[in-house]
Amino acid sequence: MDNDHRSVRRILVVANETLDGDSIHQALADRHLEAGALQAFVVAPALNSRLRHWASDVDSARREAERRLRRCIERIELAGIEAQGWVGDSNPMQALADALQITRVDEVLIATHPEGRSNWLERGLVDRARAAVDLPLTHVVVDTAPALALFAGRAA
């Protein structure tokens, strides 16, 4: 094994609706500057409504997650960071656990909406992940509301 491969910092990103947020990409860019070589592994849980889940309709949730994931990977790679990703289980804790079973990482980054708009925070995902994962874990808040409000203002 060559020395360069061992010096690559590997980060697991767990996010879905927040994958397009600038905060995630800034956090990765900062780590890229610090570490030099960086690999990002992105898992996007296929979030679904209770009704669709109950009706076993997961296709639309997976398609949406895949679409966000592709855009995110492209943006990460444009920043010069090696990236790969996949759509994960609809339960973000299970998606995180599954990802940690298939790849070795140095850090976990979980991106959520701000408090009050985040189901993940309401369910204690970040705290539960910190308790379950023996790695540095960073919580990144992605506030897409201003961009959405601006867009909504134009449409009105």
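In which sense do strand 1 and strand 2 pair, and over how many bridges? Strand 1 (9–14) and strand 2 (38–45) pair in the parallel sense over six bridges; helices (H or I, at least four residues) and strands (E, at least two) are DSSP runs, numbered from the N terminus, and two strands pair if DSSP finds at least two bridges between them. The structure is a predicted model, in which local features need pLDDT of at least 70, side-chain atom pairs count only at pLDDT 80 or more, and totals for chains, interfaces and linings use all residues. Residues are numbered from 1 along each chain as its sequence is written, and side-chain values use heavy atoms, with hydrogens and water left out.

Within this pairing, Ile11 has Ala40 of strand 2 as its bridge partner. The chain passes from strand 1 through helix 2 to strand 2, and this β-α-β crossover is right-handed; that is, with the strands pointing away from the viewer, the path from the first strand over the helix to the second runs clockwise.

The wider setting is an open sheet of five strands in the order 3-2-1-4-5, with parallel pairing. Strand 3 (82–88) and strand 5 stand at the edges with a single partner strand each, so one side of each lacks a neighbour in the sheet. Strand 2 is joined to strand 3 by seven bridges, and Gln39 has Glu82 as its bridge partner there. On the other pairing described here, strand 1 and strand 4 are linked by four bridges in the parallel sense, with Val14 partnered by Ile110.

Strand 2 is largely enclosed by the rest of the structure, because eight of its eight residues are buried (under 20% relative accessible area; exposed means over 50%, partly exposed in between, with a 1.4 Å probe and protein chains only). Leu38, Ala40, Val42 and Ala44 lie on one side, and Gln39, Phe41, Val43 and Pro45 on the other. In a regular strand the side chains alternate between the two faces of the sheet.

Helix 2 comprises residues 22–35, and its end C-alpha atoms are 20 Å apart, which agrees with the span of 20 Å expected for 14 residues at 1.5 Å a residue (1.5 Å times one less than the number of residues). Its buried residues are Ile24, His25, Ala27, Leu28 and Arg31. They fall within an arc of 160° seen down the axis, so they line one face of the helix; the arc is that of the directions from the helix axis to the C-beta atoms. The face turned away carries the exposed residues Asp22, Leu33 and Glu34.

How values were computed:
Contact = heavy atoms within 4.5 Å.
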